[in-house]
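Okay, hi everyone, I'll keep this short. I want to walk you through the ligand site first, and then say a bit about the cysteines.

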Amino acid sequence: MTDRLSDVDVVVDSLLDTAPCGFVTFADDGTIRAANATLRDMLGYGRDELQGRRVESILNIGSRIFYQTHFFPLVKLHGRAEEIFLLLRATSGDDLATMCNAVRRQRGGEWVTDCVFMRVHERQKFEDALLRAKKAAEEANEQLEHQALELEMSEQQLLEQGEELERQRTLAEEANRAKSAFLATMSHELRTPLNAIGGYVQLLELGIQGPITEQQADALARISRAQRHLVRLINDVLNLARIEAGRVEYNLAPCNLEEMAHAVLPMVEPQLRSRGIRYFVEIAPELTAYADREKVQQILLNLLSNATKFTPANGSVTVTGAAEGERGERVRLVVRDTGVGIPAERLAHVFEPFVQVDDSHARRAEGTGLGLAISRDLACGMGGDLSAESQVGVGSAFTLTLPASLPA
Ligand code: ADP
């Protein structure tokens, strides 16, 4: 099939007509000289409808502007253009995405531009996908930047909070030191007049300043008991204050557990006997702690006298010792009694200063509520710990753990 055009001698032969791409040739002023059937079909034009029209009329508005500002100037300058993306406008109003190659040449005494158009459905799909991906990436990036900013801010906040915490910690430490120093001084100042009271009571009791009646003796005994209680309380407060102020020195050395238990037992034996409490010691002879002997004995004495205080007649107190840890790197001393026990909700608090589970009971037992607090502090000071288990009406077990003294 041939198209014979009136003004230019352009032959669109059947091969070009049926080629799988659109073809158009237009003059420098934009007038279409010829188009193949593929392009006409693509855009919905009839046989002779395209020639004589302006080439811009088959472009959509965006491509029309692009044609005028870039495409045609480029073709004019270089004589060709390749892989230019153009949207063609069909008669139906649809836009068709195409890729265009163009060559400008002289034919029949005039300059014309020959263009082929390839549909780019797939490519556009890819480009759309790419565009979407790019947009998503940009959004993700934006989000990341936003998050980075937030992170930076919270890091700053954390830093500030850290500084604030540090400041408060220092303040708390200072307050605690001041409190301990105050307590130490106070206790010391209180002990002197209390000792004087004790001395004068003894003088009166001895009748050196004249005979006293039975009633007076009774009153003096009460004064004396109260005085001894106060001295004990003050000594405990002083001890705790010293430990908390870090003013206690630990002379660490290997100490045999069995020996220490036997050194302490005589001090509580009279009470145990007088109340009919049986007692047992089960400690392997070779068990040795690396600790301060005096402090361990102080803890043990406290645990034993508590066990004695809170165990009714005919009960029993048992001290056991054992190695702990895979290599026996710790030793354990347990003081177990069959006494009144401690309710679960109070058990966690017995190591706090001035805590007594049952005030009436403790008062009867003349405690200060400081013994366990001091004992635990001392245990920790030697690299060990003190813990308790108990069941009301069954008994209590206090466990002292200490670093073992292992042969090198
Ligand atoms: P206290 O001088 O009052 O004995 P502690 O700190 O040694 O002070 O003990 C605190 C409290 O813990 C006691 O008042 C008592 O209520 C309870 N407690 C300690 N040991 C025992 C025990 N073996 N059995 C029952 N209660 C105990």
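Let's start with helix H7, because of all the elements it gives the most to the shell around the ligand, with 4 residues. Keep in mind that this is a predicted model. The elements giving two or more residues to that shell are H7, which is 293–309, helix H10, at 371–381, and strand E12, at 395–403.

In total, 21 residues surround the ligand. Among the closest are Gln356, Thr368 and Leu372. By type, the shell splits into 10 nonpolar, 9 polar and 2 charged residues.

Now the polar contacts. Asn306 has a polar side-chain atom 2.8 Å from an oxygen atom of the ligand. Asp337 has a side-chain N or O atom 2.8 Å from a ligand nitrogen. With Gly371 the backbone does the job: a polar atom there sits 3.3 Å from a ligand oxygen. And how much of the ligand does the protein cover? It's 97% of the 530 Å² of accessible area that the ligand has on its own.

On to the cysteines. Searching the whole structure turns up 0 disulfides. Take Cys100: the nearest cysteine sulfur belongs to Cys115, and that one is 4.2 Å away, so no disulfide there, given a cut-off of 2.5 Å. Cys100 also counts as buried, at 0% relative accessibility.

What about Cys380? Its closest cysteine sulfur is in Cys255, 17 Å off, and that's too far for a bond. Cys380 is partly exposed, with a relative accessible area of 42%.

That's it from me, thanks.

Definitions and conventions
Residues numbered from 1 in each chain as written. Predicted model: local features only at pLDDT ≥ 70, side-chain atom pairs only at ≥ 80, totals over all residues. Heavy atoms only, no water. Near = heavy atom within 4 Å. Polar contact = N/O pair within 3.5 Å; in protein donor to acceptor, adjacent residues only side chain to side chain. Areas by Shrake-Rupley, 256 points an atom, 1.4 Å probe, with all protein chains shown as cover. Nonpolar A, V, L, I, M, F, W, Y, C, P; charged D, E, K, R; others polar. Buried < 20%, exposed > 50% of the residue type's maximum accessible area, 1.4 Å probe, protein only.
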